[in-house]
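Biologist: I'm new to this one, and I'd like a close look at a single part. Could you take me through the disulfide and the sheet around it, then show me how that part sits in the rest of the chain?

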Amino acid sequence: MKLKTFVAAAVVGVAALMPSTALAATGGFYWSPDGSGIQSASLQNPRTGHCYTLRGTHLPFYAYNGTKSTVKYYSSARCSGSPKGELPSKLSGNVTTRYVKFF
């Protein structure tokens, strides 16, 4: 029984040492999915380097980038090729495509 307790404590200890936020764009990204200007959709602590699809019915999406990262937006679903634009950290503006990636 003591061995199981030791192993469980060791696993918890190792997990605590692993960088959990190093690959996250800490903060929130908010956008208006319906064209109302009300930023009612969000991504919380999005992963850097991951391509996200913004859901909504009206482009462009008015957005606020409350993360610590720059978000770039793309016309392809894989966020490949050249970005169509970007929204720096702590700024708001129009995102003219559905596909975003955080850097």
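Modeller: Sure, and one definition will help before we start: two strands pair if DSSP finds at least two bridges between them. Keep in mind too that this is a predicted model.

With that in hand, look at β3 and strand β8 (residues 99-102): three bridges join them, and the two run antiparallel. One of the residues to pick out is C51, whose bridge partner in β8 is K101.

Now step back to the sheet that holds this pair. Four strands make up an open sheet in the order β3-β8-β5-β6, and the pairing is antiparallel. At the edges stand β3 (51-53) and β6 (85-87); each has a single partner strand, so one side of each is left without a neighbour in the sheet. On average, neighbouring strands here are turned by 30° against each other, direction ignored.

Back to C51, then. A disulfide joins C51 to C79, with 2.0 Å from S to S. In case the term is new, a disulfide is a covalent bond between the sulfur atoms of two cysteines. Searching the whole structure turns up one disulfide. The link of C51 and C79 is right-handed, with 70° about the S-S bond. What does the pair tie together? C51 lies in strand β3, while C79 lies in the loop between β5 (71-74) and β6, so the link connects parts that are 28 residues apart in sequence.

Are the two cysteines buried or exposed? Buried means under 20% relative accessible area. C51 has a relative accessible area of 19%, so it counts as buried. C79 is buried as well, at 4%.

So how does this part sit in the rest of the chain? There are one helix and eight strands, and from the N terminus on the elements run α-β-β-β-β-β-β-β-β. Of the 103 residues, 31% count as buried. Among the contacts in the chain with a separation of 6 or more, 58% are between residues 24 or more positions apart. The chain's accessible surface comes to about 6,500 Å², and carbon and sulfur atoms account for 59% of that.

Inside, the largest nonpolar core has 15 residues, and those with the most contacts within it are F29, W31, L43, L54, V95, V100 and F102. At least two residues of this core come from each of β1 (28-31), β2 (41-44), β4 (61-65), β5 and β8. Two of those strands, β5 and β8, you've already met in the sheet.

A few backbone details are worth a look while you're turning the model around. Most residues other than glycine have a negative phi, and most peptide bonds are trans. Against that background, L59 and P60 are joined by a cis peptide bond, with omega about -5°. You'll find P60 in the loop between β3 and β4.

Then there's N45, which is not a glycine but has a positive phi of about 50°. N45 is in the loop between β2 and β3, and it counts as partly exposed at 43% relative accessibility. K90 isn't a glycine either, and has a positive phi of about 65°. The place to look for K90 is the loop between β6 and β7 (91-95); with a relative accessible area of 46%, K90 is partly exposed.

Technical notes:
Residues are numbered from 1 along each chain as its sequence is written. This is a predicted model: local features need pLDDT of at least 70, side-chain atom pairs count only at pLDDT 80 or more; totals for chains, interfaces and linings use all residues. Side-chain values use heavy atoms; hydrogens and water are left out. Axes are lines fitted to C-alpha atoms, for helices over the stretch in contact, and angles run from 0 to 180 degrees between N-to-C directions. A disulfide is a pair of cysteine sulfur atoms within 2.5 Å. Buried means under 20% relative accessible area, exposed over 50%, partly exposed in between (1.4 Å probe, protein chains only). Contact means heavy atoms within 4.5 Å. Accessible areas come from the Shrake-Rupley method with a 1.4 Å probe; for residues, only the protein chains shown count as cover. A nonpolar core is a set of buried Ala, Val, Leu, Ile, Met, Phe, Trp, Tyr and Cys residues joined through side-chain atoms within 4.5 Å.
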